[in-house]
Amino acid sequence: MLATHHLALINVFTGDIQGGLGPFLGTWLAEAASWSPSRIGFVTTLVGIGSLLLSGPFGALVDRLGRPRMLIAVACGAILCGTLLLLPARGVIPVFAAQMMAAAGGTLLLPAVTALTLGIVGKDRFPKQQGRNQAFNHLGILLAAGGISLGTGWFGPAIAFWVLGAMAVLAIVAALTTPGHCYSERRAVGWQEEGDDTPERAGLRSIVANRKLLVLAVALALFNLGNGGMLSLLGQKLVATAVDATSWTARYVMVAQLVMIPVALFAGSLADRRGRRQLLIAACAVLPVRAALSALIDDPLWLISAEILDGVASGIIGVAVPVVVADLTWGSGRTQTALGALNALQGIGGALSAWYGGLAQAMLGWTGAFLALGAPALVALGLVLWLDTTSESRGGREGDGHPGDGSSANGAAAESGSEPGLGTEKARGAREPETA
């Protein structure tokens, strides 16, 4: 089996498990434990804060350890254990502890899969491969949501736990059986493969001082403040209106993931042709429209239109963000460290989203809560419009001169006049990794 086929299987099986129960957590706690939206939002926020504190260190761990297959398996095991521990949990502390374990696994999973992808395909092929990764990721979520939707009538809302458990086990098998000889650690961190010496890693200061990364992090934090808790709040709204919330939530997830599949594939190809910033602008512009639809529509059938827009925005973000981070840090040996740090900063928005939405619902009602979730996306849109383009295939600019900003970490790229960070792969003619 080709190495890229293993990447496809890993992304299919980790798509559903990366966030633990994800949007089903709020529905499960509301139905099984009679938790209020504010209580669910409070615990979810605490878990989000805990996981964002781990994001930067986990990214650095992936860069340093260089064993992404093993780390993927460990992450999936943590998600599986944490999620199963939620089954008997009813109190705040047991739910927090179980969900924190699952969240820690999900936090480790993203940089580990990104490192494995870069180590297999290299940077030249990374945008398109990231689009394929996300497409398979969304396909996995779609399949899991379909199983949950069909199984809820026979097994109740607990079916979500068993579907997640099966996906986690399959993800572990797919990761551990990926052929190791197709992975290059030097390619994964942006170093030339020739030579036996180990190039010096850029200092952490180069990551912290990268202005483009900081602006991107703030914009993504605001995006996630609006987006992170919207589907969970929608499920709780359906519980309050005596609708079959679990089934409808599963259908919404299926619709969103079905849309994300072609969007991710298209975004992966468009990233090189039209530029990364254009993708980010489109994602931020869609979210306020989704929020308005969720606020003004009560019919669960017509609410599907809001989740179609969720598929567009989330599908774009999943492809564009790792590609932009790779652009800005290529050759520094700190790609996953930067990605983890960026996820930590944007995770502040995601962690606050459920609490922010629950508080807005208590003060403003359901309509006001969704409109409040849409407001931060408008600010994020303004920041992305102001953000200068990163290295793009239409003739990227010279960067700020930091070792990790994708501008001059690889002298070959700068001297050849090619896209910053891409010249190394092109100059050496990166070998095809798609062999078993």
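How much area does the chain expose, and what share of it do carbon and sulfur atoms supply? In this predicted model, the chain exposes about 16,400 Å² (Shrake-Rupley method, 1.4 Å probe; for residues, only the protein chains shown count as cover), and carbon and sulfur atoms supply 67% of that area. Local features need pLDDT of at least 70 and side-chain atom pairs count only at pLDDT 80 or more, while totals for chains, interfaces and linings use all residues. Residues are numbered from 1 along each chain as its sequence is written, and side-chain values use heavy atoms, with hydrogens and water left out.

**Overall fold**
- The chain has 17 helices and zero strands (DSSP runs numbered from the N terminus: H or I of at least four residues, E of at least two).
- Of its 436 residues, 60% count as buried (under 20% relative accessible area, 1.4 Å probe, protein chains only; exposed is over 50%, partly exposed in between).

**Helix α14**
- Helix α14 covers residues 304-329, and its end C-alpha atoms lie 38 Å apart, in agreement with the 38 Å expected for 26 residues at 1.5 Å a residue (1.5 Å times one less than the number of residues).
- Because 21 of its 26 residues are buried, α14 is largely enclosed by the rest of the structure.

**Nonpolar surface patch**
- A nonpolar patch of about 1,100 Å² includes Phe42, Leu214, Trp355 and Leu364.
- Helices α3 (37-65) and α15 (335-386) each supply at least two of the patch residues, and α15 gives the most, with seven.
- Leu364 lies in helix α15 and counts as exposed, at 56% relative accessibility.

Note on methods:
Patch = residues over 30% accessible without salt bridge, like charges linked within 9 Å, V, L, I, M, F, W, Y side chains within 5 Å. Salt bridge = Lys/Arg side-chain N within 4 Å of Asp/Glu carboxyl O.
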